[in-house]
Amino acid sequence: MRSKLFLLVLAAICLSFSVAANAQSYAITNAKIVTVSGATIDKGTIVIRNGLIAAVGANIQPPADAQIFDATGLTVYPGFIDALTNLGLGAPTAAPTGGGRPGGGGGGGGQAAVTTAAQPTSNSNYPAGLRPEDSSFDELKAGEAQFDTNRNAGFTTVLTTGRTGIFNGQSAVIDLSGDSVSEMVIKSQFAEHVSFVTIGGGSYPQSLLGTFSALRQMFYDAQRQQEVEKQYSADPRGIKRPEADKSLEALFPAINRQMPVVFNANRERDIVRALDLIKEFNLKGVIAGGQEAWKVADRLKTMNVPVLLSLNFPKRTASASPEADPEPLETLRNRAETPKCAAKLAAAGVKFAFQSGAATTIGDFFTNAGKAVEGGLSKDAAIRAMTLGSAEILGVDKVMGSIETGKIANLALVKGDLFGRDKFVPQIIVDGKVFEQKEPARQTGGGRGQGGGQAAGGPNLAGTYTVNIDIPGSPITGTFTFTQSGTALSGSMNLQGGNTPIRDGKVTADGFSFAATVPFGGANLEITVHGTASGNQISGSIDSSQGTVSFSGTKNP
Amino acid sequence: MRKAIVFLLLIAITSILPTFALAQAKIDVLVKNGTPNTWFKDSVANNDVLIKNATVMTAVKGTLENTDILIQNGKIAKIGKGLTAPAGVRTIDATGKYVTPGIIDCHSHSMLDAINEGAFSVTSMTRTRDMLNPTDITIYRALAGGVTSANLLHGSANSIGGQNTTVKFKWGHPVEDYPIPDAPPGIKFAMGENVRQTTQSPQPGRALRYPRTRQGTIETDRDAFLRARDYKQAWDDFKAGKTKVQPRKDLELEPIVEILEGKRLVHAHSYRSDEMLNLLLLADEFGFRVATLQHGLEAYKIAPEIAKHGTGVSIFTDSWGYKLEAYDAIPWNAYILWKNGVVVSINSDSDERMRRLNLDAAKVEKYGGVPEQDALQMITLNPAKQLGIDKRTGSIEVGKDGDIVIWTAHPFSVYSRVETTMIEGEVFFDRAMDSQMRLDTANERETLEKLDVNRAPGTGGGPPRIPAEKRRGERDEAEYGDGGNR
């Protein structure tokens with residue numbers, strides 16, 4: 001807790017500013033250079049010109065016009081890549097309520113209109129959540145200030161994708177600099193992303209059974225659509241014109257193996273289900289999450305399916321309580337085994353790239369990569385999985401991922417042990433643009449702020465969570481969508497198709513609370529919710545006149 | 001994870017165990033506890049096994065005293081007296097023990113991550129195969145009750161539900177080993193209160209779903225068959241070159257075409273005799289046979305009609321009164337159906353009751369006096385027939401799969417316990433092994449709980465966790481019924 005707090009304080013205090021390095025050349029001298037593609041240079045120089053690496057080596061003379069930065073004591077890595085994020089896409093949109101949501105039900109009265117305004121209009125024949133044409137590129141917000149935290153941690157590049165629905169949409173590879181979306185984007189369409197979820201609101205599919213059937217039907221329909229369109233364009237006479245269908249057409253690159261399909265799957269059986277679909281439709285498959293990927297490493301290797309491996313390792317969130325049931329053995333094992341997954345994948349020859357897994361604290365990325373190293377992964381392999389290895393999987397290895405002449409100048413200058421708690425990135429170069437941050441004076445003692453501002457050391461809860469509420473006899477699934485401003489929490493909860501705003505939301509050092517009025521059995525029920533958060537997990541209890549029930553949830557990636 | 005442990009344990013015990021001091025300690029524990037495991041020490045890599053000197057309830061040819069069963073390559077190779085184990089075949093001494101075929105549960109929702117897709121009235125495109133969870137502890141508990149196979153059905157939320165999966169409970173194996181490869185495919189139909197949704201309170205924001213009556217239910221079925229007929233015609237026309245553009249591959253209608261072609265078994269959730277008759281008439285109209293009426297609480301009222309259709313019935317022995325349509329049930333249902341020549345099976349529809357199907361079979365001896373072998377068939381051979389897997393399992397006969405249960409006493413006794421359950425000769429439950437595993441998991445838990453990653457967060461603040469008072473599978477019968485909406 002202390003170190004997480006420290007990192008947040010640090011991030012808040014750090015100033016970051018940028019220097020334009022395009023006009024003249026820029027040289028980093030006296031640095032230890034981890035090129036990743038070749039041998040590490042113990043003391044060398046990197047020259048940057050026009051946003052590209054112009055030269056790198058031990059005996060390079062900086063050009064006369066170069067602005068020189070003496071990096072004595074620092075290690076230069078290729079800019080780090082986070083292989084799955086939702087960066088740049090703004091606040092999450094409301095959980096999709098499905099297209100043809102049946103009317104007549106009445107819903108939760110006047111309160112339900114909180115997030116419906118955000119519902120995008122579309123000419124798709126499919127409900128929101130089953131629209132593969134959704135594109136991160138279309139939804140990206142311009143401006144590099146939004147990436148300060150990630151850049152300061154050492155990231156130059158991320159894969160970013162929507163987070164809702166069965167089809168999350170198409171992801172983009174972006175650099176974390178640039179004032180316009182066009183400047184940011186490295187690759188506008190990397191892959192189609194799929195989650196094994198339902199779309200809610202009473203629409204099909206409302207169970208995982210239907211999710212798989214719906215996916216299959218759409219892949220089959222896309223195959224046929226492509227065939228018929230081909231047939232029609234070859235000779236349209238005597239054939240009824242095939243209906244235009246932008247959702248099915250968006251799947252053509254996927255079924256033709258031109259675009260990878262990324263399946264979000266952590267548990268072994270979800271990974272196996274994804275692999276079965278990949279095989280059935282001959283897709284260029286990728287697994288994202290992959291906590292239990294080590295259990296099917298051989299099959300991943302055989303099918304040549306890479307893993308975007310989450311570094312958001314499971315943590316225990318529940319406080320000790322004498323009345324609590326013992327945790328399931330499976331949970332205990334999972335927490336112990338997950339950090340060892342990367343090493344096992346490496347041993348089996350499975351390709352993988354590290355990703356932050358919607359972790360609430362970005363610093364966990366490197367410390368948890370360190371845990372993967374403790375779990376048996378070589379340091380080189382760990383570094384590769386956040387640089388060149390990622391770039392290979394994302395199809396951008398020709399332009400980034402290593403420190404080589406001619407590649408994009410994406411560089412992270414690191415002070416201290418990359419995997420250690422006191423790692424600091426005084427300077428990061430994104431697309432040739434230099435960003436600096438000053439190391440803050442070390443805080444001593446409990447530096448917890450007293451009220452006001454961002455909850456010092458408190459979690460960042462913003463996002464949408466899929467929540468299981470353990471009502472005895474009839475557990476239900478819903479979503480909590482939070483927006484956080486300092487210690488104030490707002491947003492909505494969506495249970496059984498009704499959308500309800502939350503009230504009196506507060507964020508504390510390690511938890512949160514809010515109240516709401518929910519329609520229940522034809523009446524309004526007042527509830528209060530108390531929870532704790534850790535990583536991307538939340539859990540807690542819901543109190544009402546009907547009694548107390550527990551809930552647990554996971555932040556949607 | 002658990003399955004990996006079981007599997008590793010099996011490997012460990014059978015092959016490498018004696019080489020480790022730790023493993024030796026485990027054997028010492030076994031011996032100290034008075035439960036020395038007699039079979040594993042001289043076992044070999046294959047699953048060939050000779051069961052010696054048992055009371056064998058074959059389920060077809062009566063009960064054979066002091067009889068041996070040799071299983072080789074997963075199949076029952078010999079049944080007789082004084083058999084000797086070929087080289088490399090391990091022997092289990094079953095003196096004083098009873099042996100039955102593995103129990104088959106013809107109606108289960110165990111090991112499924114989702115049971116109902118209720119968005120539509122026809123969800124024949126869904127497959128329980130997609131939802132198999134091979135880590136569900138229910139599987140192991142079922143094995144401990146002698147169950148080796150099960151019919152994993154979609155729930156009863158709609159007129160036509162999803163496609164079934166007929167599995168063997170190969171606990172510890174990868175999920176693809178569970179489905180029985182040559183089992184004919186099936187599908188769930190449902191009628192009555194669950195489909196009409198009369199037992200559910202409408203959820204806010206959701207429209208009521210058609211059908212809301214029994215007549216609407218049968219209309220939904222008929223409509224699906226008519227659509228399937230048209231669909232098949234469209235494909236036939238295309239294949240015959242009569243149309244230019246290939247029709248859409250429709251995952252909803254394809255399984256219904258298979259029903260019409262006699263390739264897919266219909267398992268129809270039904271309570272009242274009138275709705276059962278309606279479905280049988282509909283089957284006549286479209287020229288197929290209903291494989292089973294599931295639950296069939298009022299089936300005894302129309303036993304001759306059901307027999308005439310060659311339809312099986314899969315029932316609870318004595319469970320009733322949990323909803324309006326369940327008030328006319330009687331415990332003589334099995335007897336009356338049996339007397340009329342109907343193939344009857346007894347199912348659990350419950351993760352918990354699945355473990356005690358032997359006692360449910362015993363009850364039909366009490367109510368009406370079904371003979372012992374016929375009662376045993378109701379949990380072995382008859383469900384195998386209903387599921388189309390009787391060529392390979394369901395009785396102890398030479399040539400069938402080595403799906404065998406060894407009991408400490410007569411399986412119809414409440415004092416009887418399962419000692420060993422094997423599928424195709426491979427042991428998936430063994431009481432001595434279970435004792436060892438309990439020690440192992442307790443040790444493992446102790447080690448794991450000490451890890452930093454499993455410690456409770458130091459700073460409190462959150463409310464104490466509320467114990468899950470009622471976990472799945474531990475609810476009482478009244479609450480559970482036939483699974484409510486299952």
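Gln427(A) counts as buried because it has 20 C-beta neighbours inside 10 Å, and 20 is where the buried class begins. Keep in mind that this is a predicted model. The residue sits in strand E18 of chain A, which covers residues 424-430. Below is a quick tour, from that one glutamine out to the sheets and domains of both chains.

**Around Gln427(A)**

- Once you set aside neighbours within four places in sequence, Gln427(A) is in contact with Phe69(A), Leu413(A), Val434(A) and Glu436(A).
- Gln437(A) comes 10 residues away along the chain, and its C-alpha atom is 6.3 Å from that of Gln427(A).

**Chain A overall**

- Chain A has 557 residues, and 54% of them are buried.
- You'll find 14 helices and 28 strands here.
- Take the contacts in chain A between residues at least 6 apart in sequence: 65% of them join residues at least 24 apart.

**Domains of chain A**

- The domain assignment splits chain A into domain 1 (15-79 + 401-437), domain 2 (129-198 + 257-315 + 337-398) and domain 3 (463-555).
- For domain 2 of chain A and domain 3 of chain A, the C-alpha centres are 29 Å apart.
- Where these two meet, domain 2 of chain A supplies 9 residues and domain 3 of chain A supplies 7 residues.
- What is the side of domain 2 of chain A that touches domain 3 of chain A made of? It breaks down into 3 nonpolar, 4 polar and 2 charged residues.

**A six-stranded sheet in chain A**

- In chain A, 6 strands make an open sheet with mixed pairing, ordered E9-E12-E13-E14-E15-E16.
- Its edges are strand E9 (167-170) and strand E16 (352-355) of chain A, each of which pairs on one side only.
- Ignoring direction, neighbouring strands in this sheet are turned by 20° against each other on average.
- E9(A) pairs antiparallel with strand E12 (residues 192-195) of chain A, using 3 bridges.
- On the residue level, Gly169(A) has His193(A) in E12(A) as its bridge partner.
- Helix H8 (residues 268-280) of chain A lies across strand E13 (261-265) and strand E14 (285-289) of chain A, and it runs at about 165° to E14(A).

**Domains of chain B**

- Chain B gets two entries in its domain assignment: domain 1 (2-101 + 425-442) and domain 2 (103-393).
- The contact between them involves 12 residues of domain 1 of chain B and 15 residues of domain 2 of chain B.
- Which elements give two or more residues to the side of domain 1 of chain B that touches domain 2 of chain B? They are helix H1 (2-16), strand E5 (98-101) and strand E17 (426-430) of chain B.
- H1(B) gives the largest share of that side, with 4 residues.
- By residue type, that side of domain 1 of chain B has 8 nonpolar, 2 polar and 2 charged residues.

**A six-stranded sheet in chain B**

- Chain B has an open sheet of 6 strands with mixed pairing, in the order E8-E10-E11-E12-E13-E14.
- Strand E8 (160-163) and strand E14 (344-346) of chain B are the edge strands, each pairing on one side only.
- The average turn between neighbouring strands of this sheet is 25°, direction ignored.
- E8(B) runs antiparallel to strand E10 (residues 186-190) of chain B, and 2 bridges join them.
- Gln163(B) finds its bridge partner in E10(B) at Ile187(B).

Technical notes: Residues numbered from 1 in each chain as written. Chains lettered and ligands numbered in written order. Predicted model: local features only at pLDDT ≥ 70, side-chain atom pairs only at ≥ 80, totals over all residues. Domains from an automatic or database assignment. Nonpolar A, V, L, I, M, F, W, Y, C, P; charged D, E, K, R; others polar. Pairing = 2+ DSSP bridges. Axes fitted to C-alpha atoms, helices over the stretch in contact; angles between N-to-C directions. Buried ≥ 20, exposed ≤ 12 C-beta atoms within 10 Å, placed from the backbone.
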